[in-house]
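Me: Please take a close look at one helix in this model, then follow the structure outward from there. I would like the burial of each residue you discuss, where you have it.

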Amino acid sequence: MVRALAEACATRGLSAWIVGGALRDALLGLPISEIDAAVNGDPEPPARALEAAGRGRAVFLSKDRPGPRVFRVAAAQSELDLAALEGATIGEDLARRDFTVNALALPVSGGALVDPFGGAADLAAGTLRGVRERNFRDDPLRTLRAARLVATHALTPDARLLRWSRAAAPGLAHVASERIAAELAKLLAAPRVADALGWAARAGILPEALWIALRPARAAALARAASALDAAGVRALPGDRRRRLRLAWLAARVASDEAGARRWLADRRWGRRESDEAARLVGLAARAAAAPRGDAAWRWVLDAGGLARDAARLATLLAPRSRAAAARLARLARRAPARVSVSGRDVMEWTGLAPGPRVGELLAGLQVAAAAGRVTNRKDARHWLSVQVSKGRKPL
């Protein structure tokens, strides 16, 4: 892709540089799937040329995105973002970037690394420094990106960056929720997040990042509690489950119950599926902490489905005293509860009930009875339903 970009630019009299995160990660020996490039002109012609050459589909990114025009050339295994230089030269462009470790450029036609702010040396030292304070005032999201790089790259922000972030933090209130959610998603998927959240609390960015009122003392307490999110069992999870579990933990901390968690996640513009699953985890964890037994335990297992193990883990993270109850529910979930093949139509035919909520209640209760071992086949199921209807009971 880079060689094709060099050719596309050369034929049009343009110069281009690979910039930012791709170079940072290359210097750290990390895998690279997304590449940013800066072009000293309109990025559309080379982007369309790459598309015509079969390198991917060229898409103009949202006009609402801050900064210059950007075209993305997306292929199955890679993405290349082409943007016009911010400023007259590559040096001016780099001066407008967030951190020294991202203020790097490499000519696609060949040549030396452009590193005007010592970013390569900062990477080697594990230090995160800002380029200019003004850049953080111009885009306060960069304060949250600093916390994200603490989590994803184990970089340590210097004292000046902390001061700049504190000064810019109130501006996060005016940043689009979708952009904040994207940074938080990357942060929460990292192997370790406690140090990043701790730094975010000290920088004063947690209230705006989480969209809640947090006094400094409460923000610090929340960050200290986040040490549980770096437990070995959490870090061992795949990245998407790790992020979802931590997101649910945050939602429970700021909203307390499932309905509140669902509202908070919707306001934060999280994806619908992950929001729904995280909110369900909050509700399931609360029920697990109540130590259900018997049919109530089986009801929890059936309701939890594939979320059971993470819901039990979340219950323990939120309420360590529920560890024994959560472990018992997790063991039940591993047993794959027995089911009987009965449909809502069967329930109506056998009981004479009309369609309605009662049919669903009976069907759900029947599956609980099957999981508990009291119903093993359709004959048992029909008898169980008959007894429930004749006695007018509502199944658990």
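Reply: What follows begins with helix 10 and then moves to its surroundings and to other parts of the chain.

This is a predicted model, in which local features need pLDDT of at least 70 and side-chain atom pairs count only at pLDDT 80 or more, while totals for chains, interfaces and linings use all residues. Residues are numbered from 1 along each chain as its sequence is written, and side-chain values use heavy atoms, with hydrogens and water left out.

Helix 10 covers residues 194–202 and is mostly covered, with seven of its nine residues buried. Helices (H or I, at least four residues) and strands (E, at least two) are DSSP runs numbered from the N terminus. Buried means under 20% relative accessible area, exposed over 50% and partly exposed in between (1.4 Å probe, protein chains only). Ala194, Ala196, Leu197, Gly198, Trp199, Ala200 and Ala201 are the buried residues of helix 10. They pack against helix 7, strand 8 (156–157), helix 8 (159–168), helix 9 (177–189), helix 11 (206–210) and helix 12. Just after helix 10 comes Gly204, which takes a positive phi of about 75°.

Ala194 also appears among the contacts (heavy atoms within 4.5 Å) of Asp230. Leaving aside neighbours within four places in sequence, Asp230 is in contact with Pro191, Arg192, Val193, Ala194, Arg235 and Arg246. Asp230 sits in the loop between helix 12 (216–225) and helix 13 (232–235). Asp230 counts as buried because its relative accessibility is 14%.

Next, the nonpolar interior. A nonpolar core is a set of buried Ala, Val, Leu, Ile, Met, Phe, Trp, Tyr and Cys residues joined through side-chain atoms within 4.5 Å. The largest such core has 86 residues, and those with the most contacts inside it are Ile205, Leu206, Leu210, Trp264 and Trp300. Helix 14 (residues 239–255) gives this core its largest share, nine residues. Leu210 touches Leu184, Leu222, Leu250, Val254, Trp264 and Arg268, again leaving aside neighbours within four places in sequence. A second, separate core holds 21 residues, among them Ile18, Val73, Leu80 and Leu104.

Helix 8, one of the elements packed against helix 10, also takes part in an aromatic pair. Rings of Phe, Tyr and Trp (its six-membered ring) pair if their centres lie within 6.5 Å; planes under 30 degrees apart count as stacked, over 60 as edge-to-face and the rest as tilted. By this rule there are three aromatic pairs. Phe136 and Trp164 form a tilted one, at 6.0 Å centre to centre with 50° between the planes. Phe136 is in helix 6 (residues 133–138) and Trp164 in helix 8, so the pair ties together parts that are 28 residues apart in sequence. Phe136 and Trp164 are buried, and together with Phe99 they form one aromatic cluster.

Helix 7, also packed against helix 10, brings in the charged side chains. A salt bridge is a side-chain nitrogen of Lys or Arg within 4 Å of a carboxyl oxygen of Asp or Glu; the structure holds 29 of them. In one, the side chains of Arg145 and Asp98 meet at 3.1 Å, N to O. That pair links distant parts of the chain, since Arg145 is in helix 7 (residues 141–153) and Asp98 in the loop between helix 4 (90–95) and strand 6 (105–107), 47 residues apart. Both Arg145 and Asp98 are buried.

Another salt bridge joins Asp81 and Arg72, at 2.7 Å from N to O. Here Asp81 is buried, with a relative accessible area of 7%, whereas Arg72 is partly exposed at 24%.

A further salt bridge, between Asp310 and Arg313, spans 3.1 Å from N to O. Both residues lie in helix 18 (residues 308–318), three residues apart, about one turn of the helix. Asp310 is buried with a relative accessible area of 2%, and Arg313 counts as partly exposed at 26%. Salt bridges with shared partners join Arg241, Arg244, Arg273, Glu277, Asp310 and Arg313 into one network.

Further along the chain, Gln367 lies in helix 21 (residues 357–371). Its relative accessibility is 11%, so Gln367 counts as buried. Not counting residues up to four places away in sequence, Gln367 touches Leu302, Ala338, Arg339, Val340 and Val342. The C-alpha atoms of Gln367 and Ala315 are separated by 24 Å, the two residues being 52 residues apart along the chain.
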